Amino acid sequence: MTTQGTKRNPWKFFLLTFAYSWILWIPSVLDGIGVKLPFNVTGYSTVVVIIGAFAPLFATITLLGRESGWKGIKAFFKQAFDFRIKPLYIIIALALPLVIHAIAHYLAPIFGFEVAQTLFPADISTSPIVLAIPYFILMLIIGGGQEEFGWRCFAQEPLQRKLGVIPASLLIGLIWGFWHLPLWFMAGDGHSSYSFLAFVLMTTSISLMYAWLYNSSGKKLLVVIIFHAMNNTAAPLIPFLHGIEGKPESAYWVYAAVNVLIGIIFAFILNKEQKKKEKKIRD
């Protein structure tokens, strides 16, 4: 993907991603801030939040189609679905979110924050671990994994070539976090129970982990899709939240802090690898 990545315009991608999703989300936001609308906004929001989550993918397809037509789109997806991946990166993509969530889960009570044992339905006799399997598959397809066609597979390469891998990753993480902002104003959406600032700190720092996985695996999209889906699966499986309606989720700050600390570790790794590459080119 490196040769095609040099021609991509990440700023057009960001603009389209916001336009495709935020325009859809406007009625839900208006309803959330108290504006009366002449239709059932609850049902509308349920549908458009899911559709809006595909905005990074839709923006990617739009730009590729305009630049190189169906041939370019087919070439992109052919490269995106390259399954020749070293198992180590799949293992890390699956394990790292569990480690991060486990640390936050056990640290939060030490700081006086309540956390649930699991956020999967308590009235189902099936083990949360078993329930996590179909949930993970759902997260791969419509629960966040599909976003990576845009954030990492389209935008990462041109930005890191221009800015460097660490600044590019931090910028993507910041924009990615801000993209979620309308969810904090939608009635009944769980995002408003925790701090938006803490969320952006999380997306910015975890973006460094995405960058390392993506680049070190040979720019394999599947690795970051798995990482994204497992992060969203680990949240209810090993929660850093308490899930009590109407009560602020203050423990999210613990989760954000864990991501920041681990993100710093990955920044050092990325920097070391970058210097090694530069030395190799000079030699």
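## A surface spot to start from

At 53% relative accessibility, Ile-33 counts as exposed, because the cut-off for that label is over 50%. You'll find Ile-33 in the loop that runs between α2 (10–32) and α3 (41–52). A quick word before going on: this is a predicted model.

Ile-33 is part of a nonpolar patch on the surface, about 510 Å² in area. Its partners there are Ile-23, Ile-26, Leu-30, Val-35 and Phe-185.

## Along helix α2

Tyr-20 sits in helix α2. With a relative accessibility of 30%, Tyr-20 counts as partly exposed. Who does Tyr-20 touch, once its neighbours within four places in sequence are left aside? The list is Ala-55, Phe-58, Ala-59 and Thr-62. Take Ala-59 from that list: Tyr-20 and Ala-59 are 39 residues apart along the chain, yet their C-alpha atoms are separated by 7.6 Å.

For a contrast, try Ile-90 and Leu-30. They are 60 residues apart in sequence, and from C-alpha to C-alpha they are 41 Å apart in space.

## Ile-90 in helix α5

Ile-90 has its place in helix α5, which covers residues 87–110. Its relative accessible area is 22%, so Ile-90 is partly exposed. Setting aside neighbours within four places in sequence, Ile-90 is in contact with Ile-85, Val-223 and Ile-226.

## The nonpolar cores

Now for the inside. The largest nonpolar core has 67 residues, and those touching the most other members are Phe-13, Phe-14, Trp-151, Met-209, Phe-227 and Tyr-252. Which helix gives the most to this core? That's helix α9 (residues 196–216), with 11 residues. Apart from this core lies another one, made of 5 residues, including Leu-131, Ala-132, Leu-237 and Ile-238.

Trp-151 is worth clicking on. Leaving out its neighbours within four places in sequence, Trp-151 is in contact with Phe-13 and Phe-14, which are also on the list of core residues that touch the most other members. The other contacts of Trp-151 are Thr-17, Pro-56, Gln-156, Ile-172, Ile-175, Trp-176 and Trp-179.

## A buried charged pair in helix α7

Next along the chain from Trp-151 is Arg-152, a residue of helix α7 (residues 148–163). Is Arg-152 buried or exposed? Its relative accessibility is 0%, so Arg-152 counts as buried. Glu-148 also has a relative accessibility of 0%, and therefore counts as buried too. The two form a salt bridge, with the closest N and O atoms 2.7 Å apart. Glu-148 and Arg-152 are separated by about one helical turn, because they are 4 residues apart in helix α7.

Beyond its neighbours within four places in sequence, Arg-152 is in contact with Glu-157, Ile-172, Trp-176, Ser-207, Tyr-210, Tyr-214 and Val-224. Two of those names, Ile-172 and Trp-176, also appear among the contacts of Trp-151.

Glu-157 has a salt bridge of its own: Arg-161 is the partner, and the closest N and O atoms are 2.6 Å apart. Here again both residues lie in helix α7, 4 residues apart, about one turn of the helix. Glu-157 is buried because its relative accessible area is 3%, and the cut-off for buried is under 20%.

## More salt bridges

How many salt bridges are there in the whole structure? A search finds 6. One of them joins Arg-84 to Asp-82, with the closest N and O atoms 2.9 Å apart. These partners get opposite labels: Arg-84 counts as exposed because its relative accessibility is 68%, while Asp-82, at 14%, counts as buried. Lys-220 joins in as well, since Asp-82, Arg-84 and Lys-220 are linked in a network of salt bridges.

## An unusual backbone angle

Just before Lys-220 comes Lys-219, in the loop between α9 and α10 (221–237). What is phi for Lys-219? The angle is near 60°, a positive value in a residue other than glycine. Most residues other than glycine have a negative phi. Lys-219 is also buried, because its relative accessible area is 16%.

How values were computed. Residues are numbered from 1 along each chain as its sequence is written. This is a predicted model: local features need pLDDT of at least 70, side-chain atom pairs count only at pLDDT 80 or more; totals for chains, interfaces and linings use all residues. Side-chain values use heavy atoms; hydrogens and water are left out. Helices (H or I, at least four residues) and strands (E, at least two) are DSSP runs, numbered from the N terminus. Buried means under 20% relative accessible area, exposed over 50%, partly exposed in between (1.4 Å probe, protein chains only). Contact means heavy atoms within 4.5 Å. Patches are made of residues with over 30% relative accessible area and no salt bridge: like charges are joined within 9 Å, nonpolar side chains (Val, Leu, Ile, Met, Phe, Trp, Tyr) within 5 Å. Accessible areas come from the Shrake-Rupley method with a 1.4 Å probe; for residues, only the protein chains shown count as cover. A salt bridge is a side-chain nitrogen of Lys or Arg within 4 Å of a carboxyl oxygen of Asp or Glu. A nonpolar core is a set of buried Ala, Val, Leu, Ile, Met, Phe, Trp, Tyr and Cys residues joined through side-chain atoms within 4.5 Å.
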